[in-house]
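Here is a note for a colleague who is opening this structure for the first time. Please keep the sequence and the 3D view side by side while reading.

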Amino acid sequence: MIQSSYKAMYRPNFYESTCLRCNETVYQVDRVGPLKDFTFFHSGCFKCAVCGTKLTLKTYYNNQHRQEDKEVYCNSHVPKIGPGHLDGSSVGIRSALNVPKSTSFVNEQIRGPGRGDVEALHVRTTVNGVRSHSPLSPNYGEKHASQYSPNSYPINNIHNDSPGYQYGRFDASALHIAHALKQTELQKSYRQSREKPIDCYLDRDEQRKLEMKHRKEEDDLYRKFQRQREEEERRIKDEIRDEWEKELERLTHRFEREMQMKRKRDDQNILTLRHQQEKDDLEKNMTLRRDKKKESLTRKMLEHERAATAALVEKQSHEMLELINEKRSEFMQAESLYLEGDGMPLEEVEPYPSTAPAPAPPALSKFQVYNDPVEFSNVDQIAISVAQEDQKSFTDLVRQLVGRCGSDIEKARTIFRWITVKNLNTMSFDENLRGDTPMGLLRGIKNGTESYHVLFKRLCSYAGLHCVVIKGYSKSAGYQPGVRFEDNRFRNSWNAVYVAGAWRFVQCNWGARHLVNAKEAPKAGNKTKSDSLRYEYDDHYFLTDPKEFIYEFFPLQSDWQLLKNPITLQEFEELPFVRSLFFRYGLYFSDSDTKAVMYTDSTGAATVRIAMPNHMQSSLIFHYNLKFYDSDGDSFEGVSLKRFVMQSVVGNIVAFRVHAPCSGAFLLDIFANAVTPKEYLTGEPMKFKSVCKFKICCEDLQTVMVPLPDCASGEWGPTKATRLFGLVPITHQDALVFAGRELEIQFRMSRQLTDFMATLHKNGVEEKRLSKFVSHQISDDIVIFNISFPEEGQYGLDIYTREMASSLDTPGEKHLLTHCCKYLINSSKRN
């Protein structure tokens, strides 16, 4: 009764509360609170009462010594509690425990049987555990509650067998405890209440009216571009014509003078032919000069037009956001903007900011917001469906995209997926596009004046989302590790969108669909293959974490790194050159000093170590390629450079040890693929994708390196045999083996394998000559390989096998002989 009466008293003023600091009305769109005793502040008034420092819900403090003091303070100026005093939370918990019962039943969730700290733990656990969620509300990050929630204490005796008992009931004095703990919960995992669609507070015609105003401004700008281009083309044409006439006059004058000096007919004919040739050469040269001038002019004008278009979109986006915020604020004065029954009390909902916040590192990682794209399957399907149709206005397009989205993340997601699905780069456009036609909407893409990033920003403004275009450098096509960013060659742009309470990166261009394998590109006129088989999008570039984004993108403004400790351009250049797949597989560098350029020691050796997460160790297969840095050469004195790299796996670390055969620079490209043992055992060729590249520099080589034996490519050692074949080494667990003139290697089979084969390799010796020195035998589940070495030296041993056919296999399924593992063996009488 106390709770319900208190809420009834509080409810009428929920959307028109008064700011404690300035005593003016504060609307929900600009509201901070409720705080202590249900006080509210304007976001601009939410400052320390002593020093005026700007505060957030994570940095503000209340005076716990005086209950009547409702002001907010920073950490440095909050009144301290003297010795022998109880703070406010202690009093609050005691009040909650001693409050009169709300019903005839004892609410064991608050009035637990324990005492002291145990009682407080019951309150804490209960407050964090009473939420219920609507099945229609996707609460991103909820699945991680076991990792991030503070609920780590057992709750006993919370059930009541009496009929009519209502779980989760609270008394009013305990509500501020819930609010304080809610702030902790927000830092642990992301949850957001679902908004009503934009149709509820902004009439479609009113938004379209503003769009038509913007369309007219855009039409005027495009006409201006066209006039400027025509004027510049005329100017160039006139310049070239004048220059041509002057040169032609000079040639003609010289020809006439020389003709007067020649009396013989043959000499005159020769002069005439030479003059005609000079005129033809002049025409060719002038044409080339004209084309180069036009190309240079077009490039400069396009850069100018892109800047003008971006500035116009910036202004128009601001105006569109102002309209949406105004209508949203008016709507919230009358009723709630949020859907009820989604599990989050309305008084705890954080409204979307009306003005764009300053750039700052996000408190939550992408993994805490969502960790699997499948969570957006319904939203993605909306974007895919909308992309199959054409719209005549951005208003119609965005409403179709976000009409069923209840959170800011979902809105940004549908826009991102629409752009990645639409594949704007390959769309065909008519030459005479009008702005009020479906394809006329995207004429900026056709003309090259509007990029993916400007389009994303434009669409976000129609959805009511803050978005910025960020300029800087990127490690894009053509970049190699060790390259310096000294010119505009690698200049790029990308977006940051404000969702989930923070600025988050989006790179639509890199996330857009692309060919899975360029070799699979269909030939002209061949449309037998489905797009779904050849194209995919990259989810890594949606809401990318700053600590991962910085490996590929460096903004000109350091604030937009969104890092607590921004790095310099030189440090960016030194970061390893990694691709999105590196992060998708959860890889990381185990050595903190790993850089884009690795230097060898005096023996010509350098090692790159990559760590794998535990859940990927059983499925990741690595591959590599080594070539000269300044050329495509991949061999040295007729030997493949791959044989100067030793790849091995120990635990969760895959190591690539490069031994440079000569001084100079090399490019090490590391590839990976995630496969199941069943997929690998088919023996079918696998496709690998690059995860990282390194420049290997050997400045001084004091030791001559010999290549490794010519074995099958891939990792050395028995780890792969265990991981993929269930073949467990009994005698030799390491890749490198030291042996005498004879060697016995034993494995235990954990599943049925058959058709074992082993081949021996040695530099300078044919494989056939070594075949008789290797044999194997099987005893029960033990496989034994016997090797007798014909001479001392370094050998490579390849082992192959395949799975035994089973009645459960799919009819026609292949079981080819597949490489299992390999050893590097040093044979010597001294071993």
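The points below go from the whole chain to its cores, then to one sheet and one cysteine.

1. The first thing to keep in mind is that this is a predicted model. The protein has 831 residues, of which 47% count as buried, and its secondary structure comes to 21 helices and 32 strands.

2. Two overall figures help with orientation before any detail is examined. Among contacts with a separation of 6 or more, 71% are between residues 24 or more positions apart. The accessible surface comes to about 42500 Å², and carbon and sulfur atoms account for 49% of that area.

3. The interior is best approached through the largest nonpolar core, which has 66 residues. Within this core, the residues with the most contacts are Trp418, Ile419, Phe456, Leu459 and Val497. Helix α11, which spans residues 408-422, contributes seven residues, the largest share of this core.

4. What does Trp418 touch, if residues up to four places away in sequence are not counted? Its partners are Ala383, Val386, Ala387, Leu397, Leu401, Leu442, Leu455 and Leu459. Leu459 also appears in the list of residues with the most contacts inside the largest core.

5. A second core, separate from the one just described, has 51 residues. Phe628, Val649, Leu668 and Ala672 are included in this second core.

6. Further along the chain, four strands form an open sheet with mixed pairing, in the order β26-β32-β31-β28. The edges are β26 (736-739) and β28 (753-761), each of which pairs on one side only. On average, and with direction ignored, neighbouring strands of this sheet are turned by 30° against each other.

7. At one side of that sheet, β28 pairs with β31 (residues 793-803) in the antiparallel sense, over seven bridges. A useful place to look is Met757, which stands opposite Tyr800 in β31. In general, strands of a sheet pair through backbone hydrogen bonds, and they may do so in a parallel or an antiparallel way.

8. The last point concerns Cys22, which lies in the loop between β1 (17-18) and β2 (25-26). Is Cys22 buried, partly exposed or exposed? With a relative accessible area of 32%, Cys22 is partly exposed, because that value falls between the cut-offs of 20% for buried and 50% for exposed.

9. The surroundings of Cys22 can also be described by its contacts, which, leaving aside neighbours within four places in sequence, are with His42 and Cys45. The C-alpha atoms of Cys22 and Phe41 are separated by 8.3 Å, with the two residues 19 apart along the chain.

Conventions:
Residues are numbered from 1 along each chain as its sequence is written. This is a predicted model: local features need pLDDT of at least 70, side-chain atom pairs count only at pLDDT 80 or more; totals for chains, interfaces and linings use all residues. Side-chain values use heavy atoms; hydrogens and water are left out. A nonpolar core is a set of buried Ala, Val, Leu, Ile, Met, Phe, Trp, Tyr and Cys residues joined through side-chain atoms within 4.5 Å. Buried means under 20% relative accessible area, exposed over 50%, partly exposed in between (1.4 Å probe, protein chains only). Helices (H or I, at least four residues) and strands (E, at least two) are DSSP runs, numbered from the N terminus. Contact means heavy atoms within 4.5 Å. Accessible areas come from the Shrake-Rupley method with a 1.4 Å probe; for residues, only the protein chains shown count as cover. Two strands pair if DSSP finds at least two bridges between them. Axes are lines fitted to C-alpha atoms, for helices over the stretch in contact, and angles run from 0 to 180 degrees between N-to-C directions.
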